[in-house]
Amino acid sequence: MPDQQADTRIPVTVLTGFLGAGKTTLLNHVLTAEHGQKIAVIVNEFGEVGIDNQLVVGADEEIFEMNNGCICCTVRGDLIRILGELMDAKLGKGSRRKADFDRVLIETTGLADPAPVAQTFFVDEEIAGFYRLDAIVTVVDAKHAGQHLDEGHEAQEQVAFADVLLLNKTDLVPVEELQQLEQRLRAMNSAAKLYRTQQSRIRMDQILGIGAFDLDKKLEIDPGFLVEEAHDHDDEVASVFLRETQPLDLDKLERFINEWLVEHGTDTFRYKGVLHINGVKKRVVFQGIHMLFSSYPDRDWKPDETPVSEFVVIGRNLDEAWFRRQFAGCAAVTTNT
Ligand SMILES: Nc1nc2c(ncn2[C@@H]2O[C@H](COP(=O)(O)OP(=O)(O)OP(=O)(O)O)[C@@H](O)[C@H]2O)c(=O)[nH]1
């Protein structure tokens, strides 16, 4: 491993983990922690419009969104472009205003295979000269990981490629189940550091600046790592994006979601949104993963924002027309807020 002290390249942390595991929660910790570092963030979401960027704590200017596909395939060109622009901004070149940052954090979609993202830092010469991949941090949802690892190739790749595994949501499962899951994770990846977490809380020095990414080890796991182009995705997973300008009735929304989940909970990986709810002055954040969902008032709508509800559902066998009808049907009779 190269000497980290002598290496002046910008360290990059790739944050992965299956849908809803706790990546954005971790990102928010990193952005609010006292580490005295300036961090440029690149967020990639599955679906046309990002919800996550609205849920990341007050760091608007540093967030670069990539929403037109999955970071590991269709938008890898975008990733290279954004990294190039950031590099120019740091060096004071090009048309962008100068930006100073000490490290880069990339939050991938829950459906991304981290290998091609990591590959970017080795195969593109300019990128490799300026950035150093520090670590791949994978957040694992203790409640749902069993199912995700049984079903999908992406969740397995995310664990196999991790340098640090955060076994998160330990509050939701009994300790015996945690131990079994830990054994399963260890069997898949014995080299990664493994920490149990709640709300993705972890010390910054356990995930940042750890110099953990070791190319030789990754080549042992995946000998084609540096040359692979295509990889399989679960093609059946799709997303539906819903938007409504009329204020919504939250009870109606919860009723239709519940109705859907009775039959489709297993196939519905993730649903989340920022909502404009009738009679509520604040934005309402809605978070759902399989059968578990909750909503809470967040901050007031800003004077320059037009309140609107945006909601995304990600899963298999989604009935888009049904969702559109139901969502539109949640528009409430307006009361003054
Ligand atoms: N009970 C419990 N819930 C948690 C924990 N960590 C995160 N959550 C909740 O899980 C939900 C998903 O968390 P996120 O941080 O948005 O997950 P994510 O991985 O960014 O989700 P995607 O970007 O959609 O893939 C949110 O409602 C969090 O508040 C935890 O340790 N315990």
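Twenty residues surround the ligand, and K23, T24, T25, G110 and Q287 come nearest. Near here means that the C-beta atom, placed from the backbone, lies within 6 Å of the molecule. This is a predicted model: local features need pLDDT of at least 70, side-chain atom pairs count only at pLDDT 80 or more, and totals for chains, interfaces and linings use all residues. Residues are numbered from 1 along each chain as its sequence is written.

The shell around the ligand sorts by class as follows.

| Class | Residues in the shell |
|---|---|
| Nonpolar (Ala, Val, Leu, Ile, Met, Phe, Trp, Tyr, Cys, Pro) | three residues |
| Polar (the others, Gly among them) | 11 residues |
| Charged (Asp, Glu, Lys, Arg) | six residues |

Helix α1 (23-32) gives the most to this shell, three residues. Both α1 and β9 (268-275) supply at least two. Helices (H or I, at least four residues) and strands (E, at least two) are DSSP runs, numbered from the N terminus. Domain 1 (10-221) and domain 2 (237-328) each give the shell at least three residues. Those bounds come from an automatic or database assignment.

The largest nonpolar core has 69 residues, of which V140, V164 and L165 touch the most other members. Strand β5 (residues 131-141) provides its largest share, seven residues. Such a core joins buried Ala, Val, Leu, Ile, Met, Phe, Trp, Tyr and Cys residues through C-beta atoms within 7 Å. Buried means 20 or more other C-beta atoms within 10 Å, exposed 12 or fewer, partly exposed in between.

E126 sits in helix α5 (residues 125-130). E126 is exposed because 11 other C-beta atoms lie within 10 Å.
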